[in-house]
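Biologist: I am a first-year student, and I would love a close look at a single part of this structure. Could you pick one helix and walk me through how it sits with its surroundings?

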Amino acid sequence: MQIYGIDAIVRIISHFAFVYLAFWGLRSLRLDTQFKTFQTAQIRIVLLMLAISLGFLTSSFFLEVLNLLKNVFLSIV
């Protein structure tokens, strides 16, 4: 994407979407059974940090693949 504003918006939306999907997926793992009871704040922080790191890595991979595909198609034309 050559327009930097649109590229930035797409990257921000992608990062937030993948962080949300990672958080949604991590909640289904029932990680709260691995922690002590009555430690809900710590559990939420750990899930949030895991979701942010996993979502960011996934989003970066997705955006990089899109960028590589764009470069391949532009080099063919």
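Modeller: Happy to! Let's take helix α2, and check its length to begin with: at 1.5 Å a residue, its 37 residues should span 54 Å, and the end C-alpha atoms are 53 Å apart, which agrees. Please keep in mind that this is a predicted model. On the chain, α2 covers residues 40–76.

Now for the inside of the helix. Which residues of α2 are buried? They are I43, L47, A51, G55, S59 and L63. There is a handy rule for reading such a list: an α-helix has 3.6 residues a turn, so residues three or four places apart point the same way. Part of what covers these buried residues is α1.

A51 is a good place to zoom in. Its relative accessible area is 0%, so A51 is buried, since the cut-off for that word is under 20%. What does A51 touch, once its neighbours within four places in sequence are left aside? The contacts are V19, A22, F23 and L26. Being in contact is not the only way to relate two residues, of course: A51 and S14 are 37 residues apart in sequence, and their C-alpha atoms are 14 Å apart in space.

Let's turn to the partner, α1, which takes in residues 4–27. The same kind of length check works here: 24 residues at 1.5 Å each should span 34 Å, and the end C-alpha atoms are indeed 34 Å apart. Buried in α1 are S14, H15, V19, A22 and L26, and these residues pack against α2. Three of those names, V19, A22 and L26, also appear among the contacts of A51.

How do the two helices lie against each other? Two packed helices are described by the angle between their axes and the distance between the axes. For α1 and α2 the angle is about 130 degrees, and the axes are 7 Å apart. That makes α1 oblique to α2. Their crossing is right-handed.

One last detail to find on the model: the count of aromatic pairs comes to one. F18 and F62 form this pair, with 5.5 Å from centre to centre and 50 degrees between the planes, which counts as tilted. The pair links distant parts of the chain, with F18 in helix α1 and F62 in helix α2, 44 residues apart. Is F62 buried, exposed or partly exposed? With a relative accessible area of 39%, F62 is partly exposed, whereas A51, in α2 as well, is buried.

Notes: Residues numbered from 1 in each chain as written. Predicted model: local features only at pLDDT ≥ 70, side-chain atom pairs only at ≥ 80, totals over all residues. Heavy atoms only, no water. Helix = DSSP H or I, 4+ residues; strand = E, 2+ residues; numbered from the N terminus. Buried < 20%, exposed > 50% of the residue type's maximum accessible area, 1.4 Å probe, protein only. Contact = heavy atoms within 4.5 Å. Expected span 1.5 Å × (residues − 1). Phe/Tyr/Trp six-rings, centres within 6.5 Å; stacked < 30°, edge-to-face > 60°. Axes fitted to C-alpha atoms, helices over the stretch in contact; angles between N-to-C directions. Parallel < 35°, antiparallel > 145°, perpendicular 65-115°, else oblique. Left-handed = near helix turned anticlockwise from the far one by under 90°.
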